[in-house]
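Okay, thanks for coming, everyone. I've got one model to walk through today, so let me put it up on the screen.

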Amino acid sequence: MGARASAGVALLFLAAAAVAQGFPSKPVRIVVPFPPGGGADTLARIMEPKLAAIWAQPVIVENRPGASGHIGADFVAKSAPDGYTLVMASTAALDEKNVVEFAPVSLVSASPYIVTANPKVAAANVRELIALARTHPGKLSFGSSGTGAASHLSAELFKSMAGVDLLHVPYKGTGQAVTDLVAGHLHLMFAPAQTVMPFVREGRLKALAITGAKRSETLPDLPTVSESGLPGYEAVGWFGLLAPAATPRPTVAKTSADVNRVLAEREVREKMLGLGADPSGDTPEEFARFIREDQTKWSKLMKEAGIAVPR
C-alpha cells in the first residue's frame, strides 16, 4: 500500500470513529457472484473471520452465481442500502450500465493472472504457445469464469495481440473451469494464481507466464507474457467489495477502514500472498477511480471483439 493510500486509510479511520458507531449491529452478508472455489470466493472466506472479529457480528459468505457474476451483483444492487449486504465483485460483475448501482468500498486484490496449461499441451512457454495456436487455429480451448470475466478478457487481449484463434469455453465460475483444465477437457486458462498454483506445484498443471507488467515477488521465476513472446501485453484481474449505491457514506467509510485493517493483518497478507494474490486496500474514492480506468480498457476491447456479456 503506497503512502497516498495509507494517508487516505488513516483519514477513513478518523471518519469511522466519529460516525456509524453502531454499525454493524447484526450479521453482514458478503455475496460472491460466482460458485465456490474461485478467486472471489477464496478471498471472501479469508477475510470473513477477521471482519467478524472486528465487528463482533457474524459475517456470512453467500454464493449467488450466474450470468458472469451479474446475478449476484444485481441482487446486492437491489438490496437495502444499509451496509449489511456487500458484493465481492470482479471485472466481470460490473459494466458501464450497472456500475452506477454500487458504492465502491475497497479494492481487495489486483493481481496478474497466470497463463496456465494442461501438462499435455505441447508448449513450455508463450512463444511455443503462440506457434502452436497458429499451427492449429481454433483448436486450442481456454476456459473462463464467464463471458466478460477477467479470465476471458485476458485471453481475448492475448488473442488480439498475438493474432491467434483460440476457442473460448465459458463456465459459471473459475473453480469449475480449473477442474476441467486439470482433467484435460480444456487446454488453457488465464486464471487467478490462488486457484491454479496449488495444482501447478503438484505438477497437475503447468504455468507458462504471468500477465502483469512485471514479475511477481511471490513467483519470481515465472516470466511475464510481455518478456516471453508478446511485448506490451498486460492484464490484471481484480476483486473488491462494493455496497448498494445509496449506502450512507459514513457506513461505507467505516466498512472500508475495517476492510483495510483486515488486509493489513500479517496472517491475511501471508495467506493471500501464499496464493499469489496481492493484498491491495484503498479508499472508496480511489477504488471508484480504479474501476473507471479498468472499465475503459476492457470496454474498448469488448467492442472491438464484439463481446456481449449475458445478463
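Let's start with a lysine, Lys159: this one is buried, because its relative accessible area is 16%, and the cut-off for buried is under 20%. Keep in mind that this is a predicted model. So what does the Lys159 side chain meet in a salt bridge? The partner is Glu156, at 3.5 Å from N to O. Glu156 has a relative accessible area of 10%, so that one is buried as well. Both residues sit in helix α5, residues 150–162, and they're 3 residues apart, about one turn of the helix. There's also a network elsewhere: Lys50, Glu265, Glu267 and Lys271 are joined into one by salt bridges that share partners.

How many salt bridges does the count come to? It comes to 14. As a general point, side chains of opposite charge can pair when their charged atoms come close. Let me show you two more of them.

Asp41 and Arg45 form a salt bridge, with the closest N and O atoms 2.9 Å apart. They're 4 residues apart in helix α2, residues 39–55, so about one helical turn separates them. Asp41 is at 6% relative accessibility and therefore counts as buried, while Arg45, at 39%, counts as partly exposed.

Then there's Glu62 with Arg29, whose side chains meet at 3.2 Å, N to O. This pair links distant parts of the chain: Glu62 is in strand β2, residues 59–63, and Arg29 is in strand β1, with the two positions 33 residues apart in numbering terms, that is, 33 residues apart. Glu62 counts as buried because its relative accessibility is 19%. Arg29 is at 25%, so it counts as partly exposed.

Since we've just touched β1, let's move on to the strands. β1 covers residues 28–32, and 3 bridges join it to β3, with the two running parallel. If you want a spot to click on, Val31 stands opposite Val87 in β3. β3 also pairs with strand β9, residues 236–244, in the antiparallel sense, over 4 bridges. There, Ser90 stands opposite Phe239 in β9.

Now, why is β3 described as largely enclosed by the rest of the structure? Because 6 of the 6 residues in this strand, 85–90, are buried. In a regular strand the side chains alternate between the two faces of the sheet. Here, both faces of β3 are covered: Thr85, Val87 and Ala89 are buried on one side, and Leu86, Met88 and Ser90 are buried on the other.

Last stop, helix α4, residues 126–135. Which residues are buried in α4? Val126, Leu129, Ile130, Leu132 and Ala133. Looking down the axis of α4, the buried residues fall within an arc of 165°, so they line one face of the helix. Over on the other side of α4, Arg127, Arg134 and Thr135 are exposed. And what do the buried residues of α4 pack against? That would be β4 (102–117), β7 (188–192), β8 (206–210) and also α5, the helix where Lys159 and Glu156 lie.

One more detail on α4: Asn125 caps the N-terminal end, with a side-chain oxygen 3.2 Å from the backbone nitrogen of Arg127.

That's my tour, so let's open it up for discussion.

Conventions:
Residues numbered from 1 in each chain as written. Predicted model: local features only at pLDDT ≥ 70, side-chain atom pairs only at ≥ 80, totals over all residues. Heavy atoms only, no water. Buried < 20%, exposed > 50% of the residue type's maximum accessible area, 1.4 Å probe, protein only. Pairing = 2+ DSSP bridges. Salt bridge = Lys/Arg side-chain N within 4 Å of Asp/Glu carboxyl O. Arc of directions from axis to C-beta. Contact = heavy atoms within 4.5 Å. Polar contact = N/O pair within 3.5 Å; in protein donor to acceptor, adjacent residues only side chain to side chain.
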